[in-house]
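Fancy a bit of practice at reading a fold? Grab a coffee and work through the exercises below.

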Amino acid sequence: MNPEPAGPGRGGGILRRLGSRHTWIRHPPGTGPLRRSREDRLGGGVAAGLAARTGLDVNLVRTGFVVAALFSLFGAAAYVVAWLLIPAEGADGNIAGKALADRRGMALAAGLASLLVVVLVIASALHAGWLSTLAWPLVICVGGVTLIWRNAPPDEQAVLQRLADPLLGLAQGSRSRRRTVVRVVVAAVTLGLGLGWLLTGHPDQSALRQIAGVILVVAAIAILLGPWWLRIARDLVVERQARIRAEERADMAARVHDSVLQTLALIQRRADHPQQVIQLARAQERELRAWLFDGQAPGSLDGQDLTLAAGVRLIQQEVEAQHEVPVEAVTVGDCDLDDDLRALLAAAREATVNAVKWSGAPVVSIFAEVEPGQVAVFVRDRGQGFDPAAVPPDRKGLAQSINARMARRGGTVVVRTAPGEGTEVSLTMPRPAGDRQPGRS
Amino acid sequence: MTSPAGAGPGPGGRPRVVIVDDHGLFRSGVRSELGDQVEVVGEADDVTPAIAVISECLPDVVLLDVHLPGGGGQAVITALRGSQPQVRFLALSASDAPEDVIGVIRAGARGYVTKTISGPDLVDAVRRVAGGDTVFSPRLAGFVLDAFAALPADGPGVPSLDPELDQLTPREREVLRLIARGYTYKEIARELYISVKTVESHVSSVLRKLQLSTRHQLTRWATERRLA
């Protein structure tokens with residue numbers, strides 16, 4: 001099996017698994033130290049960690065552990081020991097290190113283990129020989145789980161709690177208890193039958209009976225634990241979604257942080273202009289609200305409950321804040337924004353940013369006028385201007401994007417410029433008839 | 001601070017200026033920006049001292065802050081309009097509030113500039129006001145357009161007493177629009193194929209209308225803007 005290059009996401013992996021010869025290889029072996037995974041864990045994250053380290057598919061590793069556990073319980077013991085000894089991702093040390101310092105935990109584990117040993121000794125005295133083969137792994141499992149329970153960080157304790165749920169679930173509410181009881185009875189009967197067939201199988205009989213026994217045991221386990229497995233799977237999905245949401249929230253916090261900081265800086269610079277400070281604070285408040293409650297990213301004009309004049313002010317503030325070039329904005333009249341006017345504002349913003357970036361002018365002016373039949377926005381600078389015939393390609397691209405934006409909505413763009421004469425971009429957007437100015441309130 | 005009383009440019013044709021602003025720091029800033037292009041003959045930080053200083057110095061131009069603790073620049077103009085008609089006022093403001101700006105203009109200021117104006121532009125504005133011209137910043141032009149644009153929408157309910165005064169001509173509108181777009185008078189003249197003098201007369205006419213129009217819609221416009 002040759003390692004193959006790292007694949008894309010999960011979906012690609014499944015496709016490859018179906019169609020490729022390197023069936024269970026997901027990605028090349030990792031190079032870092034062996035760590036238990038926090039991201040992709042069902043129990044302690046041992047399987048996921050091993051998978052990441054070896055390049056094997058995580059489900060293959062899991063199946064290996066489960067099969068080993070079914071046959072001799074040594075699989076389970078190995079898992080528990082690995083859980084104890086392998087540090088989790090990002091953790092300082094392993095749980096065993098902490099457990100060594102946990103005297104009461106050690107005592108408890110030793111006590112439980114010795115109790116088990118006693119039970120096993122009694123069992124072997126009663127010639128239930130099959131039990132003694134399970135003895136050592138069982139002792140290791142019980143002791144190990146006890147130590148993990150006492151010393152693992154809270155998130156891993158939560159995992160243990162979830163794993164222990166079906167056992168604790170027996171004592172829960174009446175309806176689910178009845179169903180659980182039915183399940184337990186069915187499972188017990190099946191398990192008894194299966195174990196009976198397994199243990200009473202004689203060499204002279206065909207292996208058929210043993211196989212049937214194994215199937216019954218598996219069925220019993222499935223009946224007993226199936227619903228709970230389903231729930232774990234569901235919980236995992238929910239948990240993953242919660243994590244994604246948390247990341248989004250962190251991203252949001254960062255963005256809001258940035259915009260708030262920027263506004264505060266602007267406010268400091270204009271401390272002697274109370275009117276502007278109020279405007280800034282208002283704009284920031286609006287932006288924060290839109291971001292927190294309506295999910296609109298700061299700086300986007302889309303979907304915001306703005307009027308045209310407020311939109312122009314927003315452009316002014318943002319461009320000033322981002323490029324530190326003063327923008328003079330004058331608006332006459334006002335109206336609510338529709339999609340056409342949002343496109344107009346987006347084009348105006350681009351023209352303004354263009355002027356600020358390229359013209360070299362110390363100040364850029366925006367004039368927006370709302371008339372009954374149309375809305376016009378003029379962006380003017382007294383910068384170096386340019387020869388429209390010899391536009392550098394990067395700037396041409398921007399001009400074209402302004403043009404395209406306006407043309408799609410039935411607006412027009414006129415650019416007047418000449419070298420040394422500054423530039424004026426005139427944007428006009430027709431308004432549907434009857435759409436008068438909103439009430440000033 | 002005393003200097004010989006009397007109107008008209010001082011020695012060397014430098015306009016004589018009084019600065020009225022409640023921020024000492026701003027006053028000294030303006031003073032240094034004006035440099036020796038103008039002669040600063042007095043300063044004041046509030047309405048009452050301003051009236052005293054202006055009456056005493058009789059400057060050509062008063063640079064007047066729109067916002068003053070004791071009643072605003074408007075009060076200064078109103079108090080002096082009758083007794084010292086030859087003194088011209090240029091309003092200076094950091095404020096965006098249109099009602100304040102329009103208020104000062106209606107009281108009699110010959111122009112309005114924002115405090116962010118550059119030194120040379122301010123000197124130019126002072127010279128123009130001293131010479132009897134008007135100074136309209138883009139923002140003021142926007143306010144005026146807005147104020148007059150709001151009028152027809154008020155409907156026929158209020159008959160206009162003097163249509164001549166209550167409406168802008170298309171040409172005046174055009175000129176104001178160009179000012180609002182950031183054009184200088186010279187650029188406007190070139191744009192409209194008229195002389196700079198004609199541009200100036202259009203602007204003066206707008207100023208006159210703004211000051212003389214008795215339509216209460218103007219007041220109402222300002223009030224509504226205040227609420228907005």
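Here come four exercises on this predicted model, each with a worked solution.

**Exercise 1.** Work out in which order the strands of the open sheet of chain B are arranged, and which strands stand at its edges.

*Solution.* Start with the order: 6 strands line up as β2-β1-β3-β4-β5-β6 in chain B, and the pairing is parallel. Next, look at the ends: β2 (39-44) and β6 (135-136) of chain B each have a single partner strand, so one side of each has no neighbour in the sheet. Now zoom in on one pair: β4 (residues 88-93) and β5 (residues 111-114) of chain B are joined in the parallel sense over 4 bridges. Within that pair, Leu90(B) sits opposite Gly111(B).

**Exercise 2.** Find which strands of chain B helix α1 of chain B touches, and which strands α2 of chain B lies across.

*Solution.* Take α1 (residues 24-34) of chain B to begin with: it packs on the sheet and touches β1 (16-20), β2 and β3 (61-65) of chain B. Its direction makes about 155 degrees with that of β1(B). Then move to α2 (residues 47-57) of chain B, which lies across β1, β2 and β3 of chain B. This helix runs at about 150 degrees to β2(B).

**Exercise 3.** Decide how α3 and α4 of chain B pack, and explain why α4(B) counts as largely enclosed.

*Solution.* First, the geometry: α3 (residues 73-81) of chain B packs against α4(B) at an angle of about 10 degrees, and the axes are 9 Å apart. Angles under 35 degrees count as roughly parallel, so that is what to call α3(B) and α4(B). Second, the contact: Gly73(B), Gln74(B), Ile77(B) and Thr78(B) of α3(B) meet Gly103(B), Val104(B) and Ala107(B) of α4(B). Sorted by class, that contact has 3 nonpolar, 4 polar and no charged residues. Third, burial: 7 of the 10 residues of α4 (residues 98-107) of chain B are buried, so the rest of the structure largely encloses this helix. Among the buried ones are Pro98(B), Asp100(B) and Ile105(B). Right after α4(B) comes Gly108(B), with a positive phi of about 140 degrees.

**Exercise 4.** Over to chain A: describe the pairing in its open sheet of 5 strands.

*Solution.* Read off the order, β1-β2-β3-β5-β4 of chain A, with mixed pairing. The edge strands are β1 (327-332) and β4 (412-417) of chain A, each paired on one side only. Now check one pair: 6 bridges link β4(A) to β5 (residues 423-430) of chain A, and these run antiparallel. There, Val414(A) has Ser426(A) in β5(A) as its bridge partner. Finally, add the helix: α13 (residues 339-358) of chain A lies across β1, β2 (364-370), β3 (374-381) and β5 of chain A, at about 5 degrees to β3(A).

Terms used: Residues numbered from 1 in each chain as written. Chains lettered and ligands numbered in written order. Predicted model: local features only at pLDDT ≥ 70, side-chain atom pairs only at ≥ 80, totals over all residues. Buried ≥ 20, exposed ≤ 12 C-beta atoms within 10 Å, placed from the backbone. Helix = DSSP H or I, 4+ residues; strand = E, 2+ residues; numbered from the N terminus. Pairing = 2+ DSSP bridges. Contact = placed C-beta atoms within 7 Å. Axes fitted to C-alpha atoms, helices over the stretch in contact; angles between N-to-C directions. Parallel < 35°, antiparallel > 145°, perpendicular 65-115°, else oblique. Nonpolar A, V, L, I, M, F, W, Y, C, P; charged D, E, K, R; others polar.
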